[in-house]
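Work through the exercises below with the model open. Each task is followed by a stepwise solution.

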Amino acid sequence: MKLATWNVNSLAVRLPQLLDWLAANPVDTLVIQETKLTDDKFPHAPIEAAGYEVKWFGQKTYNGVALLARTPPADIVRNIPGFVDEQARVIAASVGGLRVIGAYFPNGQEPGSDKFAYKMRWCDALREWVKDELVRHPELVLMGDFNVAPEDRDVHDPVAWAGQIHCTDEERAQFRGLVALGLVDAFRLFEQPPKSWSWWDYRNLAFRKNQGLRIDHVLVSEALRGRVRECVIDKAPRKNERPSDHAPVIVTLG
DNA sequence: ATGACTCCCAGTGGGAGA
């Protein structure tokens with residue numbers, strides 16, 4: 001069984017690439033972020049025609065998430081229960097015996113800003129909710145665009161990025177707080193190529209120079225640790241014409 | 001170098017992303 005996450009940076013622009021990618025990578029479940037579409041504009045028909053059931057939760061211009069699954073997703077949750085939020089950032093469902101949570105963490109913009117404070121509140125609320133979800137659903141996968149580079153080895157230039165957004169102590173502590181609930185960074189269960197990133201800036205030829213960050217993650221619950229066979233970042237779509245700035249991350253469970 | 005690119009909504013510029 002394969003699950004994946006991909007920040008598509010506008011589904012309106014990236015839909016053809018998404019369909020191509022699914023044809024080449026027929027994963028069982030995919031969560032996407034930054035659809036940037038209101039719900040009435042979500043292109044469910046071509047996704048369904050590709051063999052997926054899809055649940056979506058969007059808004060105008062920013063954010064927006066969706067969950068695609070080959071088997072019917074059940075018990076859908078949109079955003080963090082009990083956390084009042086104008087922004088569409090979370091979609092969760094039970095698929096194939098797993099609880100799957102797709103999340104688009106706030107960017108945070110700059111340490112000390114209002115947006116950074118929102119990121120911290122949002123992460124606190126997510127953690128409290130995931131803690132409860134793990135009680136109800138021990139076999140759980142939390143994946144998405146975390147907007148956090150957990151360690152210096154997840155940053156192409158740790159000196160330049162020190163203390164910058166995605167790399168602050170506070171954000172890394174939030175990541176560790178999620179892990180402390182009983183989650184495992186699936187990517188780090190395996191030996192990986194050095195300089196593995198999931199995002200490259202559009203500017204400055206960053207992809208060609210492989211200057212990026214690993215900020216898209218798949219966390220699996222401890223109950224699933226023994227089933228994880230592989231976790232890879234698929235750089236191929238980043239080589240497309242008009243690519244998303246993020247690459248998909250794929251996890252294989254036995 | 002407080003940049004660089006891309007997307008969006010707007011409307012011939014500016015915010016946001018990361």
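**Exercise 1.** Which residue in β4 is the bridge partner of K55?

Solution. The model is predicted, so treat every assignment as computed from it.
- Start with the strands: β3 spans residues 53-57, and β4 spans residues 65-69.
- Next, take the direction: β3 and β4 run antiparallel, joined by five bridges.
- Now read off the pair: K55 has L67 as its bridge partner in β4.
- Check with another pair: W56 is matched with A66 in β4.

**Exercise 2.** Place β3 in its sheet, and state how many of its residues are buried.

Solution.
- List the strand order: β3-β4-β2-β1-β14-β13, six strands in an open sheet with mixed pairing.
- Find the edges: β3 and β13 (228-233) each pair on one side only.
- Add the twist: from one strand to the next, it averages 10°.
- Count the burial, with a cut-off of 20 or more other C-beta atoms within 10 Å. Four of the five residues in β3 pass, and the strand is mostly covered.

**Exercise 3.** Which residues come nearest to DNA strand B, and how does the surface near DNA strand B divide by residue type?

Solution.
- Take the set: 23 residues lie around DNA strand B.
- Pick the nearest: S10, T61, N107, Y202 and R203.
- Sort the surface by type: seven residues are nonpolar, nine polar and seven charged.

Key
Residues are numbered from 1 along each chain as its sequence is written. Chains are lettered from A and ligands numbered from 1 in the order in which they are written. This is a predicted model: local features need pLDDT of at least 70, side-chain atom pairs count only at pLDDT 80 or more; totals for chains, interfaces and linings use all residues. A residue is buried if 20 or more other C-beta atoms lie within 10 Å of its own, exposed if 12 or fewer, and partly exposed in between; C-beta atoms are placed from the backbone. Helices (H or I, at least four residues) and strands (E, at least two) are DSSP runs, numbered from the N terminus. Two strands pair if DSSP finds at least two bridges between them. A residue is near a molecule or strand if its C-beta atom, placed from the backbone, lies within 6 Å of it. Ala, Val, Leu, Ile, Met, Phe, Trp, Tyr, Cys and Pro count as nonpolar, Asp, Glu, Lys and Arg as charged, and the others, Gly among them, as polar. Axes are lines fitted to C-alpha atoms, for helices over the stretch in contact, and angles run from 0 to 180 degrees between N-to-C directions.
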